[in-house]
Amino acid sequence: MSESLPRALRRALVPLAAIALWVPAVQAQAGGADLLITNGRIVDGSGAAWFHGDVLVRGDRIVSVTPRGLRAGLGARDTIDARGRVVAPGFIDIQGQSTFALLGGDSRLISKVSQGVTSEILGEGSTPAPLNVRHLPGNATPLQRRFAEPRGFAHWLNAMESRGMSVNVGSFVGGSTIRAFGMQARAGAADAAALAEMQGALERAMQDGAFGMATALIYPPGVFASTAEITEVSRAMRPYGGLYITHMRSEGDQLLEAVDEAIAIGRDAGVPVEIYHLKAGGTRNWAKGPQSIARLEAARAAGLDVQADMYPYTAGGTGLTSCLPPAAQEDNRLFERLADRVERAKIRAEIERPTGAWENLCELAGADGVLITRLNSDSLRRYSGMRLSEIAAARNADWIETAFTLIGAERTRVETIYFLMSEANVMENLRQPWIKIGTDASGWDPSTSTGLIHPRAYGTFPRILGRYVRELGVLPLEDAVRKMTSATAHRLGITDRGLLAPGMFADLVIFDPATIGDRATYDQPHRLSVGVDLTMVNGVAVWRDGAHTDAKPGRALRGPGAHAPSP
């Protein structure tokens, strides 16, 4: 199987490099050169049946989508013959994690655009802005000080856009960021003054373009927020069309209770609800997968707007610190506590005698289901890529003491992959009409990246189209594309992306339905997916013929609150 374009398509793409230079001029004038994509199998993102058709692009917009042949002879400057290919809207990653790459790293996001991703939505749990000026450290950078200004969230979006990026980027505001705005890293209930600070910060972020608030309720300081607090804070985004999106408090033993909590927050705050990466973690909880779907369906039948998204893998990825009680991380003193013999014993006791107040991912996965992806300390580096059980055996220690040692020596959360879910539940989730797709990953460059990461960073979207659409027939092509495009755009109130239709921005992807698929694995994660011929963002090719074009035409995306009058 070749990753090269067909000869006709490759020949047609030669002049596309000029589009990046040409787009700004076209925006300033009515006419200009255009691009005609002919003979493609049009999957327009709406869920409607595919048809053979042509797509005309002028500047950064789609001018027309017509049955095949109707645009013939119109003299387009560039033509692509997409015969045998699918032409679809660019994919929207509802749970991207490329914050640091976009703000200061490689903002080309090669592992994303090679999948056909044209827009990424950030924000799970935390965001760089807004910051509370009263809490800034003395060594705060000029950028952090900018993010602590009244329009801090807008400054962050502008900072990413101004340095250039290959995809469009928008974000929720992090729930932990809002919590820290009023409470820093403290546990306990927020008083009236702290609540007012949180609500004010959330309201300003909504005015700046946040799509809503995104909590991650297994990580400090978000874990310290009560249901009542989250509900009260969430009311501040209701006038701006804000969405409450959440990495729930539990995805295992308390999964159904966590679903109920998310639904209750949305109901009582008067806002729609989205659940991140819907899953049932731990073998003993797999039966709760269908039950969680039933919970969501019952809420929807009762008139509550609750939906979910997912990635198509049976393992999750986060830090090894997710195996420690949240109280150990209060006030950002985790490493200090692990170095103290008495405190360390207290943490061990809470792990050994769990109360059910928090969720231990190591216990759910089992130590042999916990893969440590990379370690940097000289004394520990040899254990990179090993299971926690293997490292424990090599050190003649139990897994708890081993986890303490790794976290304490690395002084990081220690990146970890947890094998938790069932394939049957993955397929059942994919079938749900309210599911959308996210990678829960950052963008990577395979030519410079080493070490293990979760393969979802490279393979999420092609894996669905290859494995679950073509090979297993879990869902039709048209529905898969809808879940990757217009479903997310509609959910976020993005009215000019996510569909192939006149007037929409020219974010699109051309792929081979016979070959598209993921190649990244847990053992070899830095492998590009195959089958995507062309990824175009705002009318500019960013991926073609198996390579990045180095173009950075991405723009900041803003939620409906940025355009709404102040209530």
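In this predicted model, Cys362 is buried, with a relative accessible area of 2%. Its partner is Cys323, to which a disulfide joins it with an S to S distance of 2.0 Å. Cys323 lies in the loop between strand S14 (315–319) and helix H12 (334–338), whereas Cys362 belongs to helix H14 (residues 361–365), so the link ties together parts that are 39 residues apart in sequence. The dihedral angle about the S-S bond is 80°, and the link is right-handed. Cys323 is likewise buried, its relative accessible area being 0%. The structure holds 1 disulfide.

Strand S14, which precedes the loop of Cys323, also takes part in an open sheet. This sheet is formed by 3 strands in the order S14-S16-S15, with antiparallel pairing. S14 and strand S15 (370–372) are the edge strands, each pairing on one side only. From one strand to the next, the twist averages 25°. Strands of a sheet pair through backbone hydrogen bonds, in either a parallel or an antiparallel arrangement. Between S14 and strand S16 (residues 415–419), the antiparallel pairing extends over 5 bridges. Within this part of the sheet, Gly317 stands opposite Ile417 in S16.

Aromatic contacts were examined next. A search of the whole structure finds 5 aromatic pairs. One of these involves Phe91 and Phe461, whose ring centres are 5.4 Å apart; the pair is classed as stacked because the planes meet at 10°, under the limit of 30 degrees. Phe91 lies in strand S6 (residues 91–93) and Phe461 in helix H18 (residues 456–471), so the contact ties together parts that are 370 residues apart in sequence. Both Phe91 and Phe461 are buried. Phe91 forms a further aromatic pair with Phe511, with 6.4 Å from centre to centre and 50° between the planes, a tilted arrangement. Since Phe511 is located in strand S18 (residues 508–511) and Phe91 in strand S6, this pair ties together parts that are 420 residues apart in sequence. Phe511 is buried, as is Phe91. Phe91, Phe461 and Phe511 thus form one aromatic cluster.

Another phenylalanine, Phe505, is in contact with arginine side chains. The charged end of Arg61 sits over the ring of Phe505, at 3.6 Å from the ring centre. Arg497 also lies over the face of Phe505, its distance from the ring centre being 4.0 Å.

Salt bridges form a further group of contacts. Side chains of opposite charge can pair when their charged atoms come close. A search of the whole structure finds 40 salt bridges. Among them is the pair of Glu229 and Arg179, whose side chains meet at 2.6 Å, N to O. Glu229 lies in helix H9 (residues 227–234) and Arg179 in helix H7 (residues 175–183), and the pair links distant parts of the chain, 50 residues apart. Glu229 and Arg179 are both buried.

A salt bridge also forms between the side chains of Asp305 and Arg491, at 2.8 Å from N to O. Asp305 is placed in the loop between helix H11 (288–301) and strand S13 (306–310), and Arg491 in helix H20 (residues 486–492), so this pair ties together parts that are 186 residues apart in sequence. Asp305 is partly exposed, with a relative accessible area of 35%, whereas Arg491 is buried, with a relative accessible area of 12%.

Asp398 and Arg348 form another salt bridge, in which the closest N and O atoms are 2.9 Å apart. The partners come from distant parts of the chain, 50 residues apart: Asp398 from the loop between helix H15 (388–394) and helix H16 (399–410), and Arg348 from helix H13 (residues 341–352). Asp398 is partly exposed, its relative accessible area being 35%. Salt bridges that share partners join Glu274, Arg300, Asp305, Lys436 and Arg491 into one network.

Burial was also assessed for helix H19 (residues 477–484), which is mostly covered, with 8 of its 8 residues buried. The buried residues of H19 include the charged residues Glu478, Asp479, Arg482 and Lys483, together with Leu477, Ala480, Val481 and Met484.

Note on methods. Residues numbered from 1 in each chain as written. Predicted model: local features only at pLDDT ≥ 70, side-chain atom pairs only at ≥ 80, totals over all residues. Heavy atoms only, no water. Disulfide = S-S within 2.5 Å. Helix = DSSP H or I, 4+ residues; strand = E, 2+ residues; numbered from the N terminus. Buried < 20%, exposed > 50% of the residue type's maximum accessible area, 1.4 Å probe, protein only. Phe/Tyr/Trp six-rings, centres within 6.5 Å; stacked < 30°, edge-to-face > 60°. Lys NZ or Arg CZ within 6 Å of the ring centre and 35° of its normal. Pairing = 2+ DSSP bridges. Axes fitted to C-alpha atoms, helices over the stretch in contact; angles between N-to-C directions. Salt bridge = Lys/Arg side-chain N within 4 Å of Asp/Glu carboxyl O.
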